Amino acid sequence: ITVLRLTAEDTDKRIAGCAVSNPVSDLKAFMDSRSEITILFETYIGKSYEEAPEEYEMRSAVHFYEKLDSPILIQHYIDGVDINSMFPIEQSTSLYELLKDTNKRCYYYNIDVSKQRFMMEEYQNLIRFINQND
């Protein structure tokens, strides 16, 4: 949540790019999919979504994606039900769908953690991202 916001607000362009794994791009939708996490965010933000929707939207990249013009790497871990229920793939895909038309340096990969060498795949994606945007 924070790294995407920092990247969007970097008007001096000190951040050369941003890599995120299993991002929470829409905080309201994330809380709706995992109701047990709502209390955590209400405590952190200090108000419920109903009391302060703008506070939740400023932490949701789907509401400020047009400001994300630096290179972005999105990687989402998949393995079936377990990881996808913790971090819904829709969070990653919806952000990519918004960014792909406005940010030509946005890259998206699903990484199957059931494969033995999944960490190598993640590392290779990251190195390729850095080399392409150096």
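Which residues of H6 are buried? That was where I opened my notebook today, with a predicted model on the screen.

**Entry 1: helix H6**

I went through H6 and found Gln 91, Ser 92, Leu 95 and Leu 99 to be its buried residues. Looking down the axis of H6, I saw these buried residues fall within an arc of 95 degrees, so they line one face of the helix. Next I looked up what covers them, and the list includes helix H1 (2–8), H2, S2 and S3.

I then stopped at Ser 92, which is found in helix H6. Its relative accessible area is 0%, so I noted Ser 92 as buried. What is Ser 92 in contact with, leaving aside its neighbours within four places in sequence? I wrote down Asn 22, Pro 23, Ile 74, His 76 and Tyr 108.

**Entry 2: the sheet**

From there I turned to the strands. I found 3 of them forming an open sheet, in the order S1-S2-S3, with parallel pairing. The edge strands are S1 (18–21) and S3 (106–112), and each of these pairs on one side only. Averaged over the sheet and with direction ignored, neighbouring strands are turned by 15 degrees against each other.

A reminder to myself: strands of a sheet pair through backbone hydrogen bonds, either parallel or antiparallel. How many bridges join S1 to S2? I found 4, and the two strands run parallel. Strand S2 (residues 72–78) is joined to S3 by 7 bridges, and this pair runs parallel too.

I followed single bridges across the sheet. Ser 21 has Gln 75 as its bridge partner in S2. On the S3 side, Gln 75 is partnered by Tyr 109. I also noted Ile 111 in S3 as the bridge partner of Tyr 77.

Is S2 mostly covered or mostly open? My check says mostly covered, since 6 of its 7 residues are buried.

**Entry 3: the aromatic rings**

I searched the whole structure for aromatic pairs, and the search gave 5. The pair I took up was Phe 30 with Phe 41: the ring centres are 6.5 Å apart and the planes stand at 85 degrees, so the pair is edge-to-face. This pair links distant parts of the chain, with Phe 30 in helix H2 (residues 27–33) and Phe 41 in helix H3 (residues 38–45), 11 residues apart. Both Phe 30 and Phe 41 are buried.

Then I came to Phe 30 with Phe 87, an aromatic pair that is stacked, at 6.4 Å centre to centre and 15 degrees between the planes. It also links distant parts of the chain: Phe 30 is in helix H2, while Phe 87 lies in the loop between helix H5 (81–86) and helix H6 (89–99), 57 residues apart.

Are Phe 30 and Phe 87 buried or exposed? Phe 30 has 4% relative accessibility, so I entered it as buried. Phe 87 has a relative accessible area of 28%, and I therefore entered Phe 87 as partly exposed. Putting the rings together, I have Phe 30, Phe 41 and Phe 87 in one aromatic cluster.

**Entry 4: charges over rings**

Where does the charged end of Arg 5 sit? I found it over the ring of Phe 64, 4.6 Å from the ring centre. I noted Lys 28 as well, lying over the face of Tyr 49 at 5.0 Å from the ring centre.

**Entry 5: positive phi**

Last, I looked at the backbone angles, keeping in mind that most residues other than glycine have a negative phi. Lys 13 goes against that habit, with a positive phi near 55 degrees. I found Lys 13 in the loop between H1 and S1. Its relative accessibility is 45%, so Lys 13 counts as partly exposed.

Asn 22 is not a glycine either, and has a positive phi of about 45 degrees. This residue is found in the loop between S1 and H2. At 9% relative accessibility, under the 20% limit, Asn 22 counts as buried. That took me back to my opening entry, where Asn 22 is among the contacts of Ser 92.

Methods. Residues are numbered from 1 along each chain as its sequence is written. This is a predicted model: local features need pLDDT of at least 70, side-chain atom pairs count only at pLDDT 80 or more; totals for chains, interfaces and linings use all residues. Side-chain values use heavy atoms; hydrogens and water are left out. Two strands pair if DSSP finds at least two bridges between them. Axes are lines fitted to C-alpha atoms, for helices over the stretch in contact, and angles run from 0 to 180 degrees between N-to-C directions. Rings of Phe, Tyr and Trp (its six-membered ring) pair if their centres lie within 6.5 Å; planes under 30 degrees apart count as stacked, over 60 as edge-to-face and the rest as tilted. Buried means under 20% relative accessible area, exposed over 50%, partly exposed in between (1.4 Å probe, protein chains only). A charge sits over a ring if NZ of Lys or CZ of Arg is within 6 Å of the ring centre and within 35 degrees of the ring normal. The arc is that of the directions from the helix axis to the C-beta atoms. Contact means heavy atoms within 4.5 Å.
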